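Biologist: Could you take me closely through one part of this model, the metal site, and then add whatever can be said about other local features?

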Amino acid sequence: MVGCIFCKIAGKQIPGKIVYEDELVVAFEDVEPKAPVHILIIPREHIPTVLELTPAHKEALFRMHEAAIKIAKERNIDSRGFRLVMNTNAEAGQSVFHIHMHLLGGRHLSWPPG
Ligand code: 5GP
Ligand code: ZN
């Protein structure tokens with residue numbers, strides 16, 4: 001979508017430290033990491049929030065999880081533990097309206113989150 005920063009990163013119109021990509025999803029380093037491992041995993045399709053997901057997105061959603069598992073293993077946080085987060089709308093702090101899964105790990109993550 002025109003004006004969407006994550007569409008631009010996926011389309012390589014602006015730089016992003018891409019760590020994984022295929023025809024459905026792209027994963028890249030968060031520009032302001034909140035943990036030693038902080039990767040954002042997005043579908044190439046512009047979907048504003050999880051509220052717009054439909055069964056047509058099944059494959060992309062599964063692929064996002066597959067990418068998260070692959071990266072967690074590569075970064076050696078699979079057995080230590082990691083968190084997958086998808087913030088939705090204002091109270092959860094969503095700031096980019098192209099759905100993204102945060103992969104967070106490499107330190108103790110407290111619960112409940114703030
Ligand atoms: P949200 O707050 O929507 O759940 O997460 C958005 C995330 O995107 C934040 O963690 C923020 O640091 C990250 N972010 C915002 N703009 C950019 C950018 O231009 N490049 C990258 N790599 N990450 C970004
Ligand atoms: Zn987008």
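Modeller: What follows looks at the metal site and then turns to a loop residue and an internal cavity. The model is a predicted one, and every value below is computed from it. The zinc ion (ligand 2) is coordinated through the SG atoms of Cys4 and Cys7 and through the ND1 atoms of His46 and His98, at 2.0 to 2.3 Å. Along the chain these donors follow the spacing C-x2-C-x38-H-x51-H, and the angles among the 4 donor atoms run from 107 to 115°, the site of the zinc ion (ligand 2) being tetrahedral. As for the two cysteines, Cys4 counts as buried because its relative accessibility is 5%, under the cut-off of 20%, and Cys7, with a relative accessible area of 14%, is buried as well.

Turning to the loop between strand 2 (25-29) and strand 3 (37-43), one finds Asp30 there, and this residue counts as buried because its relative accessibility is 12%. A polar atom of the Asp30 side chain lies 2.8 Å from the backbone nitrogen of Glu32. When neighbours within four places in sequence are left aside, Asp30 is in contact with His38, Ile39, Leu40 and His102.

Finally, the count of cavities of 30 Å³ or more comes to 1, and the largest cavity has a volume of about 30 Å³. The residues lining the largest cavity are Thr49, Val50, Met86, Asn87, Thr88, Gln94, Ile99 and His100.

Methods. Residues are numbered from 1 along each chain as its sequence is written. Chains are lettered from A and ligands numbered from 1 in the order in which they are written. This is a predicted model: local features need pLDDT of at least 70, side-chain atom pairs count only at pLDDT 80 or more; totals for chains, interfaces and linings use all residues. Side-chain values use heavy atoms; hydrogens and water are left out. Donors are N, O and S atoms within 2.8 Å of the metal (3.2 Å for Na, K and Ca); water is not among the atoms, so sites may look incomplete. Four donors count as tetrahedral if all angles lie between 85 and 135 degrees; four count as square planar and six as octahedral if opposite donors are over 155 degrees apart and all others between 65 and 115; anything else is irregular. Buried means under 20% relative accessible area, exposed over 50%, partly exposed in between (1.4 Å probe, protein chains only). Helices (H or I, at least four residues) and strands (E, at least two) are DSSP runs, numbered from the N terminus. A polar contact is a pair of N or O atoms within 3.5 Å; within protein, one must be able to donate a hydrogen and the other to accept it, and residues adjacent in sequence count only if both atoms are side-chain atoms. Contact means heavy atoms within 4.5 Å. On a 1 Å grid over the protein atoms alone, a cavity is a set of points where a 1.4 Å probe fits but cannot get out, and a pocket is an open set with protein on both sides within 12 Å along at least five of seven lines; lining residues have an atom within 4 Å of a point. Grid points are joined across faces, edges and corners, and a volume is the space filled by probe spheres set on the points.
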